[in-house]
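Q: Hi! I'm new to reading protein structures. Could you walk me through this one?

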Amino acid sequence: MTRVAAVDCGTNSIRLLVSEGTREGARELDRRLIITRLGQGVDATGEFHPDALARTFAACDEYAVVLADLGVERIRFVATSAARDAGNRQEFYDGVESRLGVRPEIIPGQEEAQLSFGGAVAAAQARGPVALPALVMDVGGGSTELFVGADAGSASGVSLDMGSVRIRERFLHSDPPTAAEVGEATAFIDGLLDSSGIDFATPATWFGVGGTATALAAIVLELPAYDRALVDGATLTREQIAALSERLLTWPVARVLQIPTMVPGRADVICAGALIVRRIAERLAVPLAVSEADILDGLVAGLLA
């Protein structure tokens with residue numbers, strides 16, 4: 001049995017999945033997330049902030065201990081939106097490599113979406129039949145990936161430069177955001193969706209992966225503590241998404257922090273993420289099925305293939 005690990009370093013968080021298995025199947029050994037806000041200020045400055053790099057490197061130090069303790073044989077470290085945009089990414093590359101022994105790969109949005117698509121659809125099909133084609137949505141901190149298809153190989157889609165951190169920093173400056181700020185953000189999001197080339201009338205199933213989707217599901221379910229088993233497969237209607245988005249956009253961050261399942265590093269940006277999901281929901285005739293399987297699962301499957 002081979003032990004492998006995948007690390008997904010995004011704009012708002014860095015996540016780790018360690019699994020053991022073969023190409024026929026894998027057993028999860030460890031899965032964890034640390035909010036690092038690597039994308040802090042990248043949209044405005046085009047550079048990684050020193051504090052953001054320090055937080056990310058501290059997370060890598062923690063993950064290095066986990067990898068050593070579990071005897072991981074192969075690792076793949078991918079970085080997404082923020083790392084694609086930052087001019088000083090060489091410092092990021094070197095810092096990660098010195099700690100984990102692997103050089104980060106800056107994967108394009110297309111590959112990011114295909115990996116998420118494969119992870120989400122495969123996990124859902126393991127539970128039962130899935131109506132296809134499916135739309136897989138990953139609202140990250142810096143970008144949003146949308147992929148439509150019947151399988152990962154034939155699916156096609158886009159990576160849009162809108163994410164929870166990017167929208168919050170660019171438009172939603174007040175706490176809580178003003179109606180004018182929300183209006184500007186909505187117009188920007190709608191413009192990107194309208195020009196995305198995605199046929200929103202096509203999907204028979206809509207999957208949401210990543211921290212924004214899972215955080216929203218936990219709130220709708222009113223969980224007293226985050227429970228991955230309950231979040232995985234949860235269904236959110238358009239009406240639930242709209243009501244939650246409205247609530248989060250009118251609450252100050254201090255009130256959002258009182259939500260039992262809210263991670264502190266996500267509290268200030270979840271309103272922006274909810275707005276993105278709401279604008280997508282307005283274009284679809286199917287509810288949102290939340291999946292805990294995502295790009296990490298796709299990466300692990302590739303390492304074990």
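A: Happy to; we can talk about charged pairs first and nonpolar cores after that. Keep in mind that this is a predicted model.

Q: Good to know. How many salt bridges does the structure hold?
A: There are 22 of them.

Q: What makes side chains pair up like that?
A: Side chains of opposite charge can pair when their charged atoms come close.

Q: Which residue does Glu 28 form a salt bridge with?
A: Its partner is Arg 228, and the closest N and O atoms are 3.6 Å apart. Glu 28 sits in strand 3 (residues 25–35) and Arg 228 in helix 9 (residues 228–231), so this pair ties together parts that are 200 residues apart in sequence.

Q: And are those two buried or exposed?
A: In between! Glu 28 counts as partly exposed at 37% relative accessibility, and Arg 228 is partly exposed with 31%.

Q: What about Glu 292, which residue does that one pair with?
A: Arg 228 again: Glu 292 forms a salt bridge with Arg 228, with 3.3 Å between the closest N and O atoms. Glu 292 lies in the loop between strand 11 (288–290) and helix 13 (295–304), 64 residues from Arg 228 in helix 9. Glu 292 is buried, because its relative accessible area is 9% and buried means under 20%.

Q: Which residues do shared partners join into one network?
A: Glu 28, Arg 31, Arg 228, Glu 292 and Asp 297.

Q: Where do Arg 166 and Asp 43 lie?
A: Arg 166 is in helix 6 (residues 164–170) and Asp 43 in helix 1 (residues 42–45), so their salt bridge links parts 123 residues apart in sequence. Their closest N and O atoms are 2.9 Å apart. Arg 166 is buried at 9% relative accessible area, while Asp 43 is partly exposed at 27%.

Q: New topic: how many residues does the largest nonpolar core have?
A: It has 50, and Leu 146, Ile 167, Leu 172, Trp 206, Leu 248 and Ile 280 have the most contacts inside it. Helix 12 (residues 270–281) gives the most to this core, with nine residues.

Q: Why would nonpolar residues gather like that?
A: In soluble globular proteins, nonpolar side chains tend to be buried together.

Q: What is Leu 172 in contact with?
A: Leaving aside neighbours within four places in sequence, the contacts of Leu 172 include Ile 167, Val 182, Leu 249 and Cys 271.

Q: And what's in the second core?
A: That separate core has 27 residues, among them Cys 9, Val 18, Val 66 and Leu 67.

Definitions and conventions. Residues numbered from 1 in each chain as written. Predicted model: local features only at pLDDT ≥ 70, side-chain atom pairs only at ≥ 80, totals over all residues. Heavy atoms only, no water. Salt bridge = Lys/Arg side-chain N within 4 Å of Asp/Glu carboxyl O. Helix = DSSP H or I, 4+ residues; strand = E, 2+ residues; numbered from the N terminus. Buried < 20%, exposed > 50% of the residue type's maximum accessible area, 1.4 Å probe, protein only. Core = buried A, V, L, I, M, F, W, Y, C linked by side-chain atoms within 4.5 Å. Contact = heavy atoms within 4.5 Å.
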